[in-house]
Amino acid sequence: DRWSQTLNQRLDPDGSVFIIDWYAATQCHHGRDDGHDHSSGRIYKVVYRNQPVVRTNLAALTPAQLVPLVGSKNEWLSRHARRVLQEQVAAAGARESVDDLPAGIRDYARIRKAADKVPAFEALHDAVDGTGDVASRLRALWTLHLTGRILPEDAARWIRDPEPQIRAWTVQTFFEHSGMLFSESTFEQLAGNSVEALVALAAEDPSPIVRRAVASAAQRVPVAQRWDILKNLLNPAEAAGDFNLPLLYWYATEGPVSTDVERATRLLQDCRIPKVREFIARRLTQMALAKN
């Protein structure tokens, strides 16, 4: 409606809050513009301590100008800077020639080639590696992910970061490329290394935040390659009382259990989480009954 249009046109990246006060005497769920009274509404703008209005067109800025805004404490600036950077890299990538590469990796390769030509992104790597607040470091990491700039050596470094949120988001963003990672022969060695990294995290990382990310990532790993990850995830009993982890562990476990009864039985013996033990036993019983 007209009030919403007016509101959208006047949104400012200055932390303002707009409030609509609008009364309509007629039923408003119809599309006739002449069926509403447009004179009965008001728009209030609430500003924190007379914060000055900032007018900016982020789409007109260069990557070098946008990158410093990624870590801004102004969430509007940070979020839209990330969005515009992604759009700019995607537009530049569409002009890159990658016909010599396998079809399954061309889209990703276009983004990577375009992003590699932006020196300003190095500042984002420095931000993730730095000692700033976690929110700013995560914003830099998310931007690198959106623009295809998280390299394997970056991920290998960040999964050892002291901050659990950095470790967890490194796992999550890296395995969002799992469809390409496990289907293209080009990445066979990298895929193997990534599975080994999950096995190590499942065995060594005590953070429930990280273990949640590992359990989610394990669901993207081919079934036959999950067993060592699952063995390490299911052995500690600490997760038994967690609200999320037992179910996430089962979601990762269900596929392997359904394909190999012998290994599933050994996994059941090693499992220390009652809810997952129950689900494994139930699935094995269902499979045994189905054969009879």
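Is Val-261 buried, partly exposed or exposed? Val-261 turns out to be partly exposed, at a relative accessible area of 39%. Keep in mind that what you're looking at is a predicted model. Below is a quick tour: a few single residues, then the salt bridges, then two spots where helices pack.

**Val-261**

- You'll find Val-261 in helix α14, which covers residues 261–270.
- Leaving aside residues up to four places away in sequence, Val-261 touches Leu-284 and Met-287.
- Arg-139 is a long hop from here: Val-261 and Arg-139 are 122 residues apart in sequence, and their C-alpha atoms are 43 Å apart in space.

**Two residues of helix α10**

- Ser-194 sits in helix α10, and Leu-201 is found in α10 as well.
- Ser-194 counts as buried because its relative accessibility is 5%, and buried means under 20%.
- Leu-201 is buried too, with a relative accessibility of 9%.
- Who are the neighbours of Ser-194? Not counting residues up to four places away in sequence, Ser-194 touches Phe-174, Phe-175, Leu-181 and Phe-182.
- With that sequence limit in place, Leu-201 touches Ile-159, Val-171, Val-210, Arg-211 and Val-214.
- For a sense of distance, the C-alpha atoms of Ser-194 and Val-221 are separated by 9.4 Å, with their positions 27 residues apart along the chain.
- Leu-201 and Ala-140 are 61 residues apart along the chain, and 23 Å separates their C-alpha atoms.

**Salt bridges**

- How many salt bridges are there? The count comes to 18.
- One of them joins the side chains of Asp-21 and Arg-42, at 2.3 Å from N to O. Asp-21 belongs to strand β1 (residues 17–22) and Arg-42 to strand β2 (residues 41–46), so this pair ties together parts that are 21 residues apart in sequence.
- Both ends of that bridge are partly exposed: Asp-21 has 30% relative accessibility, and Arg-42 has a relative accessible area of 41%.
- Another salt bridge stays inside one helix. The side chains of Glu-75 and Arg-79 meet at 3.2 Å, N to O, and both residues lie in helix α3 (residues 75–93), four residues apart, or about one turn of the helix.
- Glu-75 counts as partly exposed, at 27% relative accessibility.
- Then there's Arg-167 with Asp-205, whose closest N and O atoms are 2.7 Å apart. Arg-167 is in helix α8 (residues 164–174), while Asp-205 is in the loop between α10 (188–204) and α11 (208–218), so the bridge ties together parts that are 38 residues apart in sequence.
- Arg-167 is buried, at 10% relative accessibility, and Asp-205 is buried at 7%.
- Some bridges share partners, and these join Glu-75, Arg-79, Arg-82 and Arg-139 into one network.

**Helices α8 and α11**

- How do α8 and α11 lie relative to each other? Their axes come within 8 Å and cross at roughly 5°. Angles under 35 degrees count as roughly parallel, so α8 and α11 are roughly parallel to each other.
- On the α8 side, the contact is made by Pro-164, Gln-165, Arg-167, Ala-168 and Val-171. From α11 come Ile-209, Val-210, Ala-213, Val-214 and Ala-217.
- Sorted by class, the contact has eight nonpolar residues, one polar and one charged.
- Some names here have come up already: Arg-167 of α8 is part of this contact and also forms the salt bridge with Asp-205. Val-171 and Val-214 are in the contact, and Leu-201 touches both of them.

**The two faces of helix α2**

- Which residues of helix α2 (residues 63–70) are buried? Leu-66, Val-67 and Val-70 are.
- These buried residues cover an arc of only 105° around the axis, so they sit on the same side of α2.
- The face turned away from that buried side carries the exposed residues Ala-64 and Pro-68.
- As for what lies against the buried residues, they pack against α3, α5 (122–129) and α6 (134–146). Helix α3 is also where Glu-75 and Arg-79 lie.

Notes. Residues numbered from 1 in each chain as written. Predicted model: local features only at pLDDT ≥ 70, side-chain atom pairs only at ≥ 80, totals over all residues. Heavy atoms only, no water. Buried < 20%, exposed > 50% of the residue type's maximum accessible area, 1.4 Å probe, protein only. Contact = heavy atoms within 4.5 Å. Salt bridge = Lys/Arg side-chain N within 4 Å of Asp/Glu carboxyl O. Axes fitted to C-alpha atoms, helices over the stretch in contact; angles between N-to-C directions. Parallel < 35°, antiparallel > 145°, perpendicular 65-115°, else oblique. Nonpolar A, V, L, I, M, F, W, Y, C, P; charged D, E, K, R; others polar. Arc of directions from axis to C-beta.
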